[in-house]
Amino acid sequence: SQGVLVTVNDSLQGGATFEGLGSALVDVFMDESAVSPTLVESCLKTWSSEEAQSLAASLLSFEVPSESDASSEGVQDDAFDAQAGQSLDLESLENQLKPVQEYATSITFESKLDNLYLVGAGVRKKSIIKIYAVAMYASAQVLVSSSSQGALHAAARSFDGPNSATAFVLEMVYSVGAEKIAGAIAESVKPRYSGPESDIINLEQMITEGVNRVGGQAVKGTVFRFDCTSRGVAVSVNGLSQGSASFEGLGAAFVDVFMDDDAVSPTLVESCLSMWSGATSNALAIDLLQASSRLATKPGVPSALSGEEDRSAPSEEDLKSVKSDLGSQSSEEDLTVMESIESELEPNGPGNVEPLLLQTNFSGIDDAAADDGETIETNSPTFAPDLLSQIYQSQSGAALGADSARFDDGPGHDYTGMNIRQMATRRAENFCHRKQIMISNEVVAIRRQLVIQSDALDRIKRNLAIWH
C-alpha cells in the first residue's frame, strides 16, 4: 500500500514510496488488459478447481493472525520506509565505486559482483608470460581491514557471518589447456590445505570439466569465478556453474593462494592495499559497512546484502526451528494439520505438470552412424563393437536397446522428496549419462570419417573408463 520496492538480481535498488503505485503495478499483470494473459490463465488454472480451493482455504485458516490490523500496518510502514531510505543511502555510497582496469593486461573489472565489492585487481605471470588477470571481491568488512597485507589476508579468509564470502574472478589472457590450468590452480591450493588430497582432486576435476564444457581450452577471454566460503569453493566457468567443492577449510586455503606471503599474484595484493588503505577510501569502506549493516539487521526488513545465497535444502534442524517458532503461536494439533495440508502442495502447483527432458537428435547407434545415408558394416575395420557395447550399457549393467540411446533414458531430473546427498547423487548420474552420449557421438564421428587411429581410440577408452 506504500509503493513499490525494486530489486535487480537480488540487489535492492530502493523504494518508490507513492500511495497507489503498488496497486497500479499489480493491475499491469492482473487487470483485463494484462500484459501477460498466460500468467492470469495460470493463476486461475492452478487455484480454481474445487480441490485447490479447498487447499487454499485450509492454508488461509491456519495463517497466524496479527495482534491488530493497525499495529501490523504500522510495522509494515516503518519497515518499508526504513528499507527504502537505507537502501538509497547505500546506493549513493556504491555509486562512488568505479570499475578498475588491471594495468598489465588492460582488463577491466566491475566495481561490484553480486553483493560483493571489488577489492583490487592484478595479474598472474609465469616468468614473463601473462597467464590471467585476477580480481578479488569481498564484503565491506574486508575493505575496512585493508590497512596491511596481514589484516587483509586475515579478514578475507575469516568468513565472519553465515553468508560471508570472498570471490576471485580470473580472465585468461593466454590460452591454456583444461588439464593444465586446473592442475596449476590445484597445485597452488594443495600445500595450503590440510585436508585430504581427494578434496583437491575434486576441485581440479570441477575446473577441468568446466573448461571442457566450453571447448576444452581456456582461451583468451575465458572467465573463471571461485566463490570461497567457510563451506568450500564454488566454481563457474564463463558463467556456467560447475558446483561446489564443499570441504571445510578449502575456501580459506584458496584465499591464501592470492593473499598470503607467497601469493601467486603480488600485484593483486598491492592493488588491494593501494585502493583501500588511504584515508578517503577507508572512510568510504567504513560508510559502506555501516550502511549495509543497518540494512541487513533492520527488524522486519529482509537483507539484500547476503554474500552467498544458500540453495541447499532445509536441514532437519532448520525445520525444527521453524516448527518451534510456529509452535509458540499455534497448538501442536494445528501444526500437525498444517503439515498434512502443505504436504499436498506439489512442486509445480496443484496441476503438477512434469517438465520435459532434453532429447538427442538421434535415436540410436544405427541412426547416428547412418544419418547421412552411409551404411557401415559391422565387419568394417573402423567398427569397435566392444567399445560401442560398453557405451550403451545402463548404470545397472543391463544393455540398452539401440533405439533408446537418448538423454531421456538418464536418471531424470525429478528431485522431489530428495535430501541434499540424494540430489547430488542424481545430478552426478545425469552428468555421467550425458558424458556417455557425448563419447558415443565422438565414436560415430570417427567412424563416419574413416580416420580412426589407435591413439584416438585409446583416448576415447580412457574417457569412457572415467565417465562410465
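A residue counts as buried when its relative accessible area is under 20%. With that cut-off in hand, let us tour this predicted model through a set of close-up views.

**Figure 1. Strand β11 sits among well-covered strands.** Of the 7 residues in β11, 6 are buried, so the strand is largely enclosed by the rest of the structure. Strand β8 is mostly covered too, with 6 of its 7 residues buried. For a wider reference, 38% of the 468 residues of the chain count as buried.

**Figure 2. Seven strands line up in an open sheet.** In which order do the 7 strands of the open sheet stand? Reading across, you meet β5-β6-β7-β8-β11-β12-β13, and the pairing is antiparallel. The edges belong to β5 (112-113) and β13 (240-245); each has a single partner strand, so one side of each has no neighbour in the sheet. As you trace a strand, keep a general rule in mind: in a regular strand the side chains alternate between the two faces of the sheet.

**Figure 3. Strand β8 is paired with β7 and with β11.** Strand β8 covers residues 166-172, and 6 bridges join it to β11, residues 223-229, with the two strands running antiparallel. You can follow this pairing residue by residue: T166 has C228 as its bridge partner in β11. Further along, L170 stands opposite F224 of β11, and E171 stands opposite V223 of β11. Strand β7 is also joined to β8 by 6 bridges, again in the antiparallel sense. Here A133 finds its bridge partner in E171 of β8. Look back at E171, then: this residue takes part in the pairing with β7 and also faces V223 in β11.

**Figure 4. A hairpin links β11 to β12.** How many residues does the hairpin that joins β11 to β12 pass through? The connection takes 2 residues. Strand β12 spans residues 232-237 and pairs with β11 through 6 bridges, in the antiparallel sense. C228, which we met opposite T166, has V233 as its bridge partner in β12.

**Figure 5. Helix α10 lies across three strands.** Find helix α10, made of residues 266-276, and see how it lies across β6 (116-126), β7 (129-138) and β8. The helix runs at about 150 degrees to β6.

**Figure 6. Helices α7 and α9 cross each other.** Two packed helices are described by the angle between their axes and the distance between the axes. For α7 (residues 178-189) and α9 (residues 250-259), the angle is about 100 degrees and the axes are 8 Å apart. That makes the two helices, α7 and α9, roughly perpendicular. Where they meet, α7 brings I185, S188 and V189, while α9 brings L250, A253, F254 and V257. Of the residues in this contact, 6 are nonpolar, 1 is polar and none is charged. A general point helps here: an α-helix has 3.6 residues a turn, so residues three or four places apart point the same way.

**Figure 7. Helix α9 is covered along its length.** Is α9 mostly covered or mostly uncovered? It is mostly covered, for 10 of its 10 residues are buried. Among them are L250, A253, F254 and V257, which also belong to the contact with α7. The buried residues of α9 include D256 and M259 as well.

**Figure 8. Arginine R426 is tucked into helix α16.** R426 lies in α16, which covers residues 420-449. Why does R426 count as buried? Its relative accessibility is 18%, and the cut-off for buried is under 20%. Leaving aside neighbours within four places in sequence, R426 is in contact with P411, G412, D414, Y415 and M418.

**Figure 9. Two serines have a positive phi.** S106 is not a glycine, yet its phi is positive, at about 65 degrees. This serine lies in the loop between β3 (100-101) and β4 (108-109). S106 is partly exposed, with a relative accessible area of 46%. S127 has a phi near 65 degrees, a positive value in a residue other than glycine. You will find S127 in the loop between β6 and β7. At 70% relative accessibility, S127 counts as exposed.

**Figure 10. The chain as a whole gives the close-ups their setting.** Step back and you will find 17 helices and 13 strands in the chain. The chain exposes about 26,500 Å², and carbon and sulfur atoms supply 51% of that area. Among contacts between residues at least 6 apart in sequence, 64% join residues at least 24 apart.

Definitions and conventions:
Residues numbered from 1 in each chain as written. Predicted model: local features only at pLDDT ≥ 70, side-chain atom pairs only at ≥ 80, totals over all residues. Heavy atoms only, no water. Axes fitted to C-alpha atoms, helices over the stretch in contact; angles between N-to-C directions. Helix = DSSP H or I, 4+ residues; strand = E, 2+ residues; numbered from the N terminus. Parallel < 35°, antiparallel > 145°, perpendicular 65-115°, else oblique. Contact = heavy atoms within 4.5 Å. Nonpolar A, V, L, I, M, F, W, Y, C, P; charged D, E, K, R; others polar. Pairing = 2+ DSSP bridges. Buried < 20%, exposed > 50% of the residue type's maximum accessible area, 1.4 Å probe, protein only. Areas by Shrake-Rupley, 256 points an atom, 1.4 Å probe, with all protein chains shown as cover.
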